[in-house]
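Hi,

Here is the structure I promised to pass on. Have a look at it first, and my notes on what turned up follow below.

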Amino acid sequence: MTEPDDSPRYSPLCQSMTRDGKTVQVDIYGDGEGGWLLEVIDEYGNSSVWDDPFATDQGALDEVLKTISEEGIASLIGSPSERLPMTGLNQSLSEAELVELDEFLGSEANEDTAMDVSTLEGFLTAIAIGPRMVPPSEWLPWVWDLEEGKAEADFENEAQASQIMSLILRLYNSVNTTFNTDPASFEPIFWRGIQWGAAEWSEGFITGFMFNEEAWSLLSIGQPTWFTPFFRLGTDEGIDLTNSGGDAERWMNEIEPSLVRIHAYWKEKRVNQPAALLSNDYHHRGRQKGFPQVVRGGPKIGRNEPCPCGSGKKFKKCCGADGAPPTVH
């Protein structure tokens, strides 16, 4: 007989928030009776729990945003203790967890509409360093449906839903925390191995512009060289130029410095608006219009399939080999 799953049901609105150099983790989870509990954990591991449950998870998030707006984030920070800094939803994903998440996103249940992990990390990076805070309720639909943001995830059970949501939120929080603490140390996932594509990562980053398209467009016009690496690796036209020039690795190396510059620019200008004031029309938006067409990746390349670079070798013996030079497909 299967034991009942007593683990808390976390809301997709769980996230880390940073203001004035201080970070707190906002956890919102079901109370088992239809309500939502709110817990805020500071950088020292101190926990603040609201006494009364909220009717909705959005209501809980709005309460945190209101508290920070009116009283400052310092009101949620306790005294230093001997406890280690918070981990949990801020802990980076292991290689095994990245593969687990990627396999779920690429499963038949998602009907080939979901992002893969490379695209997802690029997407979340644009959101984390962009002009304003974008709550998970706004960007999550696009994780499941890269084209229209309308599909929903098809989980087998609540345990799987909790696990996958935890992995996605941890991926976002790890990106966000890195840029808030040491931006220059951020390393995109595509440097971990050939299975994580730079083209897909760049596509995801460009896709993340959709939530603040006008602001991103103006910045790309004012600072075009900051955006060249992403367009050269993540758009149809750019990939053609990159493959013909054989300079994929050059543009991959340019991504991190560009991210640091973009993050510093938006950090000075970012305006955090209460989630309740954000537009709710994201479910009906099409793809962004102000930027080059992003490349749409086909099915993942099997290691025994012919390498798409045209060498005639199997993928595992060519671009998929351990230590193979980076290639944009």
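How many residues lie between β1 and β2 in their hairpin, and which residue in the turn has a positive phi? There are two residues between these strands, and the one with the positive phi is Asp 20, at about 50°. Before you go further, keep in mind that this is a predicted model.

Let me stay with the strands for a moment. The sheet is an open one built from four strands, running in the order β1-β2-β3-β4 with antiparallel pairing. At the edges you'll find β1 (15-19) and β4 (47-49), each of which pairs on one side only. On average, neighbouring strands of this sheet are turned by 25° against each other, direction ignored. Helix α5 (residues 158-181) packs on the sheet, where it touches β1 and β2, and its direction makes about 15° with that of β1.

β2 deserves a closer look. With β1, strand β2 pairs in the antiparallel sense over five bridges. With β3 (residues 36-41), strand β2 (residues 22-30) is again antiparallel, over six bridges. You can follow both pairings at Val 26: this residue is the bridge partner of Gln 15, and Val 26 also has Val 40 in β3 as a bridge partner. The hairpin of β2 and β3 has five residues between the strands, and Gly 32 there takes a positive phi near 85°. β2 is also mostly covered, with eight of its nine residues buried.

Now for the helices. Is α8 largely enclosed or largely open? Helix α8 (residues 224-234) has eight of its 11 residues buried, so the rest of the structure largely encloses it. Those buried residues are Trp 226, Phe 227, Pro 229, Phe 230, Phe 231, Arg 232, Leu 233 and Gly 234. They pack against four helices: α6 (198-207), α7 (213-222), α9 (236-245) and α10 (248-269).

Some of the α8 residues show up again in the contacts of Ile 262. Setting aside neighbours within four places in sequence, Ile 262 is in contact with Ile 129, Phe 205, Trp 216, Leu 219, Trp 226, Phe 227 and Phe 230. Ile 262 also matters for the largest nonpolar core, which has 75 residues: Leu 120, Phe 123, Trp 139, Phe 205 and Ile 262 are the ones that touch the most other members. Helix α5 gives the most to this core, with nine residues.

Then there are the aromatics. How many aromatic pairs does the structure hold? The count is 20. One of them is Phe 179 with Phe 186, a tilted pair at 4.8 Å centre to centre and 40° between the planes. Both partners are tucked away: Phe 179 counts as buried at 2% relative accessibility, and Phe 186 is buried with a relative accessible area of 7%. Tyr 265 and Trp 266 make an edge-to-face pair, because their ring centres are 4.9 Å apart and their planes stand at 75°. Here the partners differ in exposure, as Tyr 265 counts as partly exposed at 29% relative accessibility while Trp 266 counts as buried at 6%.

Tyr 265 and Trp 266 also belong to one aromatic cluster, along with Phe 190, Trp 191, Trp 201, Phe 205, Phe 209, Trp 216, Trp 226, Phe 227, Phe 230 and Phe 231.

One last residue to click on is Thr 119, which sits in helix α3 (residues 117-129). Why does Thr 119 count as buried? Its relative accessibility is 3%, and buried means under 20%. The side chain of Thr 119 makes a polar contact of 2.7 Å with the side chain of Asp 116. Leaving out neighbours within four places in sequence, Thr 119 is in contact with Leu 146, Glu 200, Trp 201, Glu 203 and Gly 204. For a link across the sequence, take Thr 119 and Ile 189: they are 70 residues apart along the chain, and their C-alpha atoms are separated by 9.8 Å.

Cheers

Key
Residues are numbered from 1 along each chain as its sequence is written. This is a predicted model: local features need pLDDT of at least 70, side-chain atom pairs count only at pLDDT 80 or more; totals for chains, interfaces and linings use all residues. Side-chain values use heavy atoms; hydrogens and water are left out. Buried means under 20% relative accessible area, exposed over 50%, partly exposed in between (1.4 Å probe, protein chains only). Contact means heavy atoms within 4.5 Å. Two strands pair if DSSP finds at least two bridges between them. Axes are lines fitted to C-alpha atoms, for helices over the stretch in contact, and angles run from 0 to 180 degrees between N-to-C directions. A polar contact is a pair of N or O atoms within 3.5 Å; within protein, one must be able to donate a hydrogen and the other to accept it, and residues adjacent in sequence count only if both atoms are side-chain atoms. A nonpolar core is a set of buried Ala, Val, Leu, Ile, Met, Phe, Trp, Tyr and Cys residues joined through side-chain atoms within 4.5 Å. Rings of Phe, Tyr and Trp (its six-membered ring) pair if their centres lie within 6.5 Å; planes under 30 degrees apart count as stacked, over 60 as edge-to-face and the rest as tilted.
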